[in-house]
Amino acid sequence: MTIPSFDLKRNYARVESEIKEAIDRVLSSQHFILGPDVAAFEAEAAAYLETPYAVGCASGSDALILALMAAGVGPGDEVITSPFSFFATASCITRLGAKPVFADVEPDSYNISMEGVAGAVTPRTKAFIPVHLFGQLCKMEDTPDALKEKNAALVEDCAQAFGAHRAHGGRILRGGAWGGFGCFSFFPTKNLGAYGDAGMATCFAESDAKELSRLRVHGATETYLHEEVGLNSRMDSIQAAILRVRLRMIETWTEERRDAARRYGLLFAENGLDGEITQPAETPGNRHTYHQYVVKAVRRDSLHEFLAGRGIVTRVYYPLPLHLQPCFASAGYKKGSLPVSEALCGEVLALPMFPELLPEEQEAVVSAIAEFYKG
Ligand SMILES: Cc1ncc(COP(=O)(O)O)c(C=O)c1O
């Protein structure tokens, strides 16, 4: 038996006919870039996320760059972010000539520590990128006042957190809805995945939405007139049409992921594995969407290999923190600078997690883990 870490084919089987119809509709229209399906997806996604504006683009990486550009980030600026994330979280900063300033993460939620953020603010701080890692929002309400006083732009990295939300002050706010920019990836394995690359940035001010819309078409204000230099980062109509179908399923799929996460928790307890496996913490007020189900495991690397030998695919997100990536050496961080992130890189393991994961597959995963630790 093989148990994959995700299985897009099972997911496709649930929406195949609607997806084919949607693609056919775009083919008949012969409108492939931006256009009515992109505009409709933007409106539907903005309504779901409860943000006034959403602007589709070519990838989550581009959404981050576009949002930082719209926030005016450039050479000499500092941008505070998490070292425990995917590469694009930091490369969007250096691509604009700015400097990433890393604040360490919390050991339980894996998300950036707001106390660490407060300590990282300097006169050069221009923006803050909290990363809602693995599908759970950061403690956004604790965003330090020092950032607000400096008018630093908020650019949420929501690539892994479509639909995640957090209760605060009698309201429930989704990722991307905390008052700044929200940057989403629709990479195929994401909770809301396209069938190719796609991304989106949300925002609150009409002027920001207009700027994002200009920047994604080379900064053009009208055809062949450029007052600034942007990117070529347009969303494909086919991807938008696919995303519109898949958006209708996102609540069902999210609840299925949450059921699977609960089942893992029960199985670990039943198998007496709480000493060896630390389950992901869902911090109070959060709705974790389990883009990944990431545990901390004693003797992680040996467990990873043992499970591979049993046909169970697990993954390490992330083996090397961003502050120790060779390409960011000039930022001046050393081993030991951010100890929580560095320790997590040696402990975390993502177990199979997708909406269609079967209970018997989860039982097989946990009994293989029990066999590894208990013999
Ligand atoms: C945390 C995070 N940020 C940014 C990105 C970049 O998204 P994309 O792959 O769509 O460019 C990803 C996707 O892998 C991600 O996981």
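**Exercise 1. Find where Q30 lies, then look at its backbone.**

Step 1. Q30 sits in the loop between α1 and α2 (35-49); here helices are DSSP runs of H or I with at least four residues, strands are runs of E with at least two, and both are numbered from the N terminus. The model is a predicted one, where local features need pLDDT of at least 70, side-chain atom pairs count only at pLDDT 80 or more, and totals for chains, interfaces and linings use all residues. Residues are numbered from 1 along each chain as its sequence is written, and side-chain values use heavy atoms, with hydrogens and water left out.

Step 2. Now check the backbone angle: Q30 is not a glycine, yet its phi is positive, at about 55°. For context, most residues other than glycine have a negative phi, and most peptide bonds are trans.

**Exercise 2. Locate the cis peptide bond.**

Step 1. Go to Y317 and Y318, which are joined by a cis peptide bond with omega of about 10°.

Step 2. Place Y318 in the fold: it belongs to the loop between α10 (300-309) and α11 (339-345).

**Exercise 3. Describe the largest pocket and its lining.**

Step 1. Settle the terms. On a 1 Å grid over the protein atoms alone, a pocket is an open set of points with protein on both sides within 12 Å along at least five of seven lines, a cavity is a set where a 1.4 Å probe fits but cannot get out, and lining residues have an atom within 4 Å of a point. Points are joined across faces, edges and corners, and a volume is the space filled by probe spheres set on them.

Step 2. The largest pocket holds about 640 Å³ of space. Its lining counts 38 residues, with Q160, F187, T189, K190 and H291 nearest the centre.

Step 3. Elements giving two or more residues to this lining are α1 (8-29), α3 (60-70), α4 (88-95) and α9 (250-270). The largest share, three residues, comes from α3.

Step 4. Sort the lining of the largest pocket by class: 17 nonpolar, 13 polar and eight charged residues. Ala, Val, Leu, Ile, Met, Phe, Trp, Tyr, Cys and Pro count as nonpolar, Asp, Glu, Lys and Arg as charged, and the others, Gly among them, as polar.

Step 5. Domain 1 (8-103 + 110-247) and domain 2 (250-374) each give at least three residues to the lining of the largest pocket; the domain bounds come from an automatic or database assignment.

**Exercise 4. Work out which residues surround the ligand.**

Step 1. Of the 14 residues around the ligand, G60, S61, D157, S185 and K190 come nearest; a residue counts if one of its heavy atoms lies within 4 Å.

Step 2. Turn to polar side-chain atoms. S61 has one 2.5 Å from a ligand oxygen atom, Q160 has one 2.9 Å from a ligand oxygen atom, and D157 has one 2.8 Å from a ligand nitrogen atom.

Step 3. On its own the ligand has 380 Å² of accessible area, of which the protein covers 91%; such areas come from the Shrake-Rupley method with a 1.4 Å probe.

**Exercise 5. Characterise the largest cavity.**

Step 1. The largest cavity has a volume of about 30 Å³.

Step 2. S109, Y110, L133, F134, Q136, P280, A281 and H288 line the largest cavity. By class, they are five nonpolar, three polar and no charged.

Note on methods: Polar contact = N/O pair within 3.5 Å; in protein donor to acceptor, adjacent residues only side chain to side chain.
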